[in-house]
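Reader: Hi! Could you walk me through this one with me? I have a few quick questions.

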Amino acid sequence: MRLRAFAQSHKLPLAVASSSHMVLLNAAIEGLGLVGRFSHVISAEFEPYGKPHPGVYISAAAALGVPPERCVALEDSVNGTLAAKAAKMVCIAVPEAHNLADPRFAIADVKLTSLAEVPQAMTELWGRGDGSGPAAVAP
């Protein structure tokens, strides 16, 4: 099951929380055909500090109306992983292949090799429908 389908089937809102400038985020989202697929797009451009400061993740959780502790962050960078954990989010790291062995990703709750593995990892983390699972996903 693809990530978007997984999120929809579990009624999880999606937000983007990125250190990139908003103009780049919007261009990427448009270029990938993802316009309208995220409840919110949050850029650290409007935060006092970028990642690894947790501000952009805390802002994303606030925009979703969900406590950060009920959010899952999907990260490909060490700084983003640190930011997600500092925000008290569950972090699923999906580093680029050349960064897989980087020991700094040990802070992540789960480290995967592909986004295709995320739905299974989330199911394993939270079980099935016991109410303790995430309320939002911030890729």
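Reader: Where does K51 sit?
Author: K51 lies in the loop between strand 2 and helix 3. Bear in mind that this is a predicted model.

Reader: Is that lysine, K51, buried or exposed?
Author: K51 counts as buried, because its relative accessible area is 17% and the cut-off for buried is under 20%.

Reader: Thanks! What does the side chain of K51 reach?
Author: The K51 side chain comes to 3.0 Å from the backbone oxygen of A17. Leaving aside neighbours within four places in sequence, K51 is also in contact with several other residues, including S18, S19, E75 and N79.

Reader: A17 belongs to strand 1, right by S18. Which residues of strand 1 are on each side?
Author: A15 and A17 are on one side, V16 and S18 on the other, and all of them are buried, so both faces of strand 1 (residues 15–18) are covered. In general, side chains in a regular strand alternate between the two faces of the sheet.

Reader: Nice. How do strand 1 and strand 2 pair?
Author: They pair in the parallel sense, over 4 bridges, and A15 stands opposite H40. Between the two strands the chain passes through helix 2 (residues 22–31), in a right-handed β-α-β crossover.

Reader: And helix 3, which residues are buried there?
Author: G55, V56, Y57, A60, A61 and L64. Just after helix 3 comes G65, with a positive phi of about 75°.

Reader: Switching topic: how many disulfides are there?
Author: A search of the whole structure finds 0. As for cysteines, C71 is buried at 2% relative accessible area, and C91 is buried at 0%.

Terms used: Residues numbered from 1 in each chain as written. Predicted model: local features only at pLDDT ≥ 70, side-chain atom pairs only at ≥ 80, totals over all residues. Heavy atoms only, no water. Buried < 20%, exposed > 50% of the residue type's maximum accessible area, 1.4 Å probe, protein only. Pairing = 2+ DSSP bridges. Right-handed = clockwise from strand over helix to strand, strands pointing away. Disulfide = S-S within 2.5 Å. Polar contact = N/O pair within 3.5 Å; in protein donor to acceptor, adjacent residues only side chain to side chain. Contact = heavy atoms within 4.5 Å.
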